[in-house]
Each structure stands twice: as C-alpha cells, then as structure tokens.
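Reader: I'd love to walk through this one with you. Could we start with the overall shape and then move on to the ligand?

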Amino acid sequence: MPESPIRRVAIVGGGPVGSALATYLAQAGVRVAMFDRGKRPSILVGESLVPAIVPFLRKLGVEEEVARYSTYKPGATFTFTPEKRQSFCFAEVRGCQTHYAYNVPRAEFDETLRRRAVACGARLVESGAVIERDSEPDRVRLGEATLAAASEALDGAPDFIVDASGRNRVIARLLEIRSIAGQRRDTALHAHMKGVPLFIEGNIHSDRIDRGWSWRIPLPGRVSVGVVVPSDHLERFGDNAEDQFDNLLRGDSMTRLWATDAERVTPVVKYTNYQLRSTRGVGPGWATVGDAFGFVDPVFSSGLQIGMQGAEALAEAILEGTPAAFARYERLILHSLTAWQRVVEYYYDGRLFTLIEIGERVRKTFFGSIANLHFESHLPRIFTGESTTSRYNTALLNFMIKNALRGHDPRLLEVR
Ligand SMILES: Cc1cc2nc3c(=O)[nH]c(=O)nc-3n(C[C@H](O)[C@H](O)[C@H](O)COP(=O)(O)OP(=O)(O)OC[C@H]3O[C@@H](n4cnc5c(N)ncnc54)[C@H](O)[C@@H]3O)c2cc1C
C-alpha cells in the first residue's frame, strides 16, 4: 500500500479521545500537534467505563496506571423499584472477552492519556485552537495564531485537522453539519459525595427515579452521583444547580433511600442538550472524533467506548490516507452511534428491562433454558460494548424486542 500523504496532523482537543488518537499517530511516526485549552469543570462526567474499553487501555499502554487510581468495576446494578433490582456481573457474560472495567477519576484519567501521547512524541500545545471556515466549500483551516503554533510544533503546516473538541463540536458547528438530536430533553446534575451506600462494591448503580434516573459510580474514597431528569421537572427543586441536586436527592422516593445521610463534597455541574449525533464526520482534510462527532446518552456509559473505538479507527484511516479509509471510519462511527441510540431508547421506554425480566422467567423452563444459552451468548455483550455494532446481535435484540414482549406492558418499567 502506498504511504499515506498525511504526515502532519493538528488535533484540536486533548481529552481522552484526542490523546488516544495522538498516541496511535505518533507511535506510527506521524507528527502530531495536539491543542488543549485546559479549561475544564472541577469534576468531569465520563467516569464509568465499559469492559470494551479495557483492550484500548492495554493497546495504549496505560491500563496499569489507570488501575492504580481507579475503582475496579465488576458489573452494573439497575434498580426499578425498591423491590425490583437486577445486577449484572461482567464475569458471567458468556463469550465476554474482558470481565471487568474501571470507574475512573476523570482528571487523572485524562492526564494519563495526555502524558502518554506526549511520551510517544505528540506535541501538546496548551492553548485554545481556532478553526475557521475556508473559502472553498466544506473545507476548514486553522486560525492564523493556531496555524503558527501548529507549524512550529509540526515543523511545517498540518496536512490534516482533527476536531476532538468534545461537546464544543467546532467543525460540526462551523460547517453547519446536520445533526440528529435524541428524544430526551434531560438535564444531568453531577457531584461527588461521601457516605453513599452501594449494593455491590465497584458496580455502577443506576436507579429509575420518580422522573428520570440516577447514577452512583464508586470512585476511590467517594461516589460520583448524577441525576438525569427531564429539564422541566428540575425547576421545582430550586433556582440553582446545588439546590436542585440536594433537594431532588432528598425528595425523590428512590434516591432518598440512599442519599439522606450522604454528604456532597463538590460543587454541582450541570449538562444539557447532550444527545447529539452529527450525520457526517469526515470531509476534505478534516475529521471529527469522540463527542465532537456524536454523543448518545449517559445511561450505558458508552461515550468513551465510542470515542476510543473512533480514535483507533481514525488513526487507521489517517495512516492509510485514502477516501475509502475515511469513508470506512465514518460508517463505523455512524453505525456505532445508531446502534447505541437504539439500545438507549429501549432502556427509556421500558422494553429492554421488560425483556430481561421475561428472560429471567423463561430460563427456568426446560426449553427456555436451552434458548437462553443462545441469547446469553449474544445479547449481554451489546451492553459491555463488545458487540454493540454486531449486526447479528442487534438484529437479535430488535427481533426479541418486537416479538417477545406480547402480553407485557413495558410502560411499567418506563423511565419517565
Ligand atoms: C451527563 C453525562 C454523563 C456521562 N457519563 C459517561 C460515563 O459514565 N462513561 C462514559 O464513557 N462516558 C460518559 N459520558 C460521555 C463522556 O464524558 C464523553 O464521551 C467523553 O468525555 C468524550 O471524550 P472526548 O475526548 O471526545 O471529549 P472531552 O472529554 O470533552 O475532551 C475535549 C477536550 O477538548 C478541549 N477543547 C475543546 N475545544 C477546544 C479548542 N477550541 N481548543 C483547544 N482545546 C479544546 C477541552 O478542553 C477538552 O479537554 C457522559 C456524558 C454526559 C453528558
């Protein structure tokens, strides 16, 4: 294969995804200038990983370091009513290649990946980068000062620009790329707390609450708590994020069971309008990756998995440098975002856990136990991230959702 014409790359955004991409490219001998403006909230969401990320951490050479400051995550616990709870242990997922994941303090995690990129030869430029629209259609260029900084770091002008700016989505906004918004109009409020009880150590805990859902992510010495609530519902809990978070935790019939004696130890950070997927992620001389390409929803912790998958696939496309390679990358990520979106919708409308409940009952019968062997080999790996994009597995899930729920009312488990 002829050598890729792309030898110098400017990456805008040094979050986990930009840093992973920078590492792969620098390791392959591509010159990389990675811009990061370093402006981050005091705590960051994106703390719970799915097992499918672990092979990327190994490939990047950072798993041991990440494990040192993170919590080992053996599974996930979902609570629907005080009496109805389902726990999943990754080690029991049939055919699963990685039997665990981590809950990571994000500041340390981001720093580990950034340092790794630099150790592999990427140049970190600690300032905000400006991308501008070019006079030619569908093209972008770096702003003057950014170009000067990149050219100095790269020893020449970049051949390619990557937007890894997260929810800033610089290129998508600049080129007015059509995006698809999810159906939810939720606000997520996030803080760290002490004294939060858990059912299973290390597991992420997700509760269906009066309106919306909450997460509990155990981190060393504290628990990350989030509530994901329809935005119009929040107003009744106060005028600011702190009051809304504290009052909702104490007032909700589900969270008050575990939050009453817990203490919030950080300010509250608020996220809105995050369900947004671009319909394109590549163009002439540019690509987007990670949240800058799209983000589905926090509920299954898929954000960093899609991002890491994207970083690896985009690195391969850049190293190949052909239109076909970029089209492959774009297809993969569009497919991944769509696949996760569907699973997320099944969660919110109650069909997913209704199906899981039916499965629990059916597996106790003779024929059910045989059929169940097949389903267990395919369906749970959708949620560990290992086979979310497998066409067979998603078709099986869709088939089951369509055919197995007859006579059952999924609204009983709907997240309102
Ligand atoms: C409420 C909520 C909960 C979530 N929970 C989870 C979870 O549990 N697990 C999970 O996997 N994912 C979760 N996510 C998603 C996860 O946070 C993101 O998918 C992940 O952080 C994306 O990484 P990234 O590198 O693409 O972007 P980011 O982490 O946002 O990094 C982007 C970087 O670019 C920098 N930047 C931006 N603009 C510029 C510029 N112009 N110049 C220079 N630098 C710039 C920023 O400062 C930042 O450092 C959650 C998201 C939300 C909204």
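**Overall shape and ligand shell**

Author: Happily! With 416 residues, a compact globule would have a radius of gyration near 22 Å, and the chain agrees because its own value is 22 Å. Please keep in mind that this is a predicted model.

Reader: What does the C-alpha trace span along its principal axes?

Author: The chain holds 15 helices and 21 strands. Along the principal axes, its C-alpha trace spans about 65 × 50 × 40 Å.

Reader: What share of the contacts in the chain with a separation of 6 or more comes from residues 24 or more positions apart?

Author: Let me begin with burial: buried residues make up 48% of the 416 residues. Among contacts with a separation of 6 or more, the share from residues 24 or more positions apart is 73%.

Reader: How many residues do domain 1 and domain 2 each give to their contact?

Author: The domain assignment gives domain 1 (8-69 + 105-179 + 276-342), domain 2 (186-272) and domain 3 (349-413). The centres of domain 1 and domain 2, taken over C-alpha atoms, are 30 Å apart. Their contact takes 11 residues from domain 1 and 16 residues from domain 2.

Reader: Which elements give two or more residues to the shell around the ligand?

Author: Around the ligand there are 37 residues, the closest being G15, G46, G166, G290 and G303. The elements that give two or more residues to this shell are helix 1 (16-27) and helix 10 (303-320).

Reader: How do the residues of that shell divide into nonpolar, polar and charged?

Author: Recall that the shell around the ligand has 37 residues. They divide into 16 nonpolar, 14 polar and 7 charged.

Key: Residues are numbered from 1 along each chain as its sequence is written. This is a predicted model: local features need pLDDT of at least 70, side-chain atom pairs count only at pLDDT 80 or more; totals for chains, interfaces and linings use all residues. A residue is near a molecule or strand if its C-beta atom, placed from the backbone, lies within 6 Å of it. Helices (H or I, at least four residues) and strands (E, at least two) are DSSP runs, numbered from the N terminus. Ala, Val, Leu, Ile, Met, Phe, Trp, Tyr, Cys and Pro count as nonpolar, Asp, Glu, Lys and Arg as charged, and the others, Gly among them, as polar. Domain bounds come from an automatic or database domain assignment. Two residues are in contact if their C-beta atoms, placed from the backbone, lie within 7 Å. The radius of gyration is taken over C-alpha atoms; the globule rule is 2.2 Å times the number of residues to the power 0.38. A residue is buried if 20 or more other C-beta atoms lie within 10 Å of its own, exposed if 12 or fewer, and partly exposed in between; C-beta atoms are placed from the backbone.
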